[in-house]
Number of protein chains: 2
Amino acid sequence: MSFFTEQPVTSADKTFFLLRKDIVEGAILSGSKLSETELSTKYAVSRAVIREAINRLESCHIVERKANVGARVVSLTPEGMIGLYQVREALEGMAARLAAKNMSDAEIADLNNLLTAHYQDVKNDESYYQEAGDVDFHYRIILGSKNNHLISMLIDGIYHLVRMYRVQLGMAGPRVTTAFNEHKHIVQAISNRDEELAEMLMRRHILYSRNNIEQKLVNKVYTRSEKREKP
Amino acid sequence: MSFFTEQPVTSADKTFFLLRKDIVEGAILSGSKLSETELSTKYAVSRAVIREAINRLESCHIVERKANVGARVVSLTPEGMIGLYQVREALEGMAARLAAKNMSDAEIADLNNLLTAHYQDVKNDESYYQEAGDVDFHYRIILGSKNNHLISMLIDGIYHLVRMYRVQLGMAGPRVTTAFNEHKHIVQAISNRDEELAEMLMRRHILYSRNNIEQKLVNKVYTRSEKREKP
DNA sequence: GAGGGCTATATTGTCGACACTTTAAACTAC
DNA sequence: GTAGTTTAAAGTGTCGACAATATAGCCCTC
């Protein structure tokens, strides 16, 4: 299990997905302690199941655990966010390169369709679909790389963390219209099977995103969710 | 826990490290089944401890687990190795870029010292120290990035897999003398704080490594360790 | 009144037992 | 003899209890 395409089947799977959802979407605040006994009553499963879920969250770097002490949801810092985007730049750049090489013609056609659909949303100013469209766009390219290591690192790991930052710091999907043009050029490069250009454009695209977010970040991070409760 | 600098403290920690060592170094063959009951007697711990260790190994992509069926050590394939090197190229390229930006002057001086020590080994043809030196070199640059996500992905994840491939496919540290020159140029770029060049040279370095290994790979993989035993 | 050590409590780590699922073997029917 | 079904065994998933560790509060000492 623990892979992007698999369905949750065991109780531990479901609990892991639930817990991750609750953390990423802010129902459980960044920095808060995760008590095993408490969570086991809350989610109505045994401590063993909670422990397994927490262990997986630790592997995703969503929680930090200290032996004999317990687990806390990671604290969000500007450095953490920047570091995340540096990794994204490297990995998704490579993903775009590999996608230009490995995506089938059908997949590329689908990607183009997605882009035109996305363009409709941009014209109609439907910001919700814009964010979903952005994620969808990136996912397709990542999957198009056909590199399982890459796919797993991004989709099972990085993306949930990025989303956690986005949600908990309250920044909706920004700069949609400019990003759309960047998406368009990336798809063109992939259509032309220009690996070099696809990578370069994707890296720039993510770098711009990062620059855009950095500004909003610095003033926000230390105002929210840094209130480590004392039990 | 589960981080590069931490010491193992709990029984589950130690078992995880032991199991990983046994798998990476080939004491447990690629593709073989990991029976929880069997391992719990072998390592003299409870099944819960073994389960936790296996879960961590799954997060590292060293084993694959199917619900209600069990866990197997991953099978080694040429595609897997190539994919691993693609990720390495992306991540270590970024690491070199960040190292050029973030390493202290003292750390860079140390890196230069390591290089001259390594050079002595090359002259004396001490191939064991050559491989260790190579790993040490890469580790320092990775750590020099000061990016915890990057560091963890490479040191806790990729590097153990790469080593597993190396060991189980029986390929000792190759092409040392040419690699040394590449190392030298990378260090020069870092010393000059030339981020762009440091990344480019590191990527090339890893690409060359990959090309070098690919040749030896294709003829070997399907001869060893693909003998899924039937219980 | 302040600091250090001790005790009590709460939480995590580990264990063995039970429940459920899978798998393979045995048996039946055709 | 083959295919399908049933059944038994082996292994995983889940649970509650016990053991070990850390934290906080209390007491004692100075």
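Which backbone atom lies 3.5 Å from a phosphate oxygen of DNA strand C? In this predicted model, that atom is a backbone N or O of B:Ala12.

**View 1. Polar contacts to DNA strand C.** The backbone N or O atom of B:Ala12 is placed 3.5 Å from a phosphate oxygen of the strand. A polar backbone atom of B:Ser46 also faces a phosphate oxygen of DNA strand C, at 2.8 Å. A base is reached by A:Arg47, where an N or O atom of the side chain is 2.8 Å from a base nitrogen of DNA strand C.

**View 2. Protein surface near DNA strand C.** The strand is surrounded by 21 residues, and the closest are A:Lys33, A:Arg47, A:Arg51, B:Ser11 and B:Ser46. Of the atoms of DNA strand C that come within 4 Å of the protein, 70% belong to sugar and phosphate. The residues near the strand comprise eight nonpolar, eight polar and five charged. Helix 3 of chain B contributes the most to this surface, with three residues.

**View 3. Packing of helix 4 and helix 7 of chain B.** Helix 4 (residues 78-102) and helix 7 (residues 148-168) of chain B pack at an angle of about 145 degrees, and their axes are 10 Å apart. The crossing of these two helices is left-handed. Residues of helix 4 of chain B in the contact include B:Leu84, B:Tyr85, B:Leu91 and B:Leu98; from helix 7 of chain B, B:Leu154, B:Ile158, B:Leu161 and B:Tyr165 are among them. By class, the contact between helix 4 and helix 7 of chain B has 16 nonpolar, one polar and three charged residues.

Terms used. Residues numbered from 1 in each chain as written. Chains lettered and ligands numbered in written order. Predicted model: local features only at pLDDT ≥ 70, side-chain atom pairs only at ≥ 80, totals over all residues. Heavy atoms only, no water. Near = heavy atom within 4 Å. Polar contact = N/O pair within 3.5 Å; in protein donor to acceptor, adjacent residues only side chain to side chain. Helix = DSSP H or I, 4+ residues; strand = E, 2+ residues; numbered from the N terminus. Nonpolar A, V, L, I, M, F, W, Y, C, P; charged D, E, K, R; others polar. Axes fitted to C-alpha atoms, helices over the stretch in contact; angles between N-to-C directions. Left-handed = near helix turned anticlockwise from the far one by under 90°. Contact = heavy atoms within 4.5 Å.
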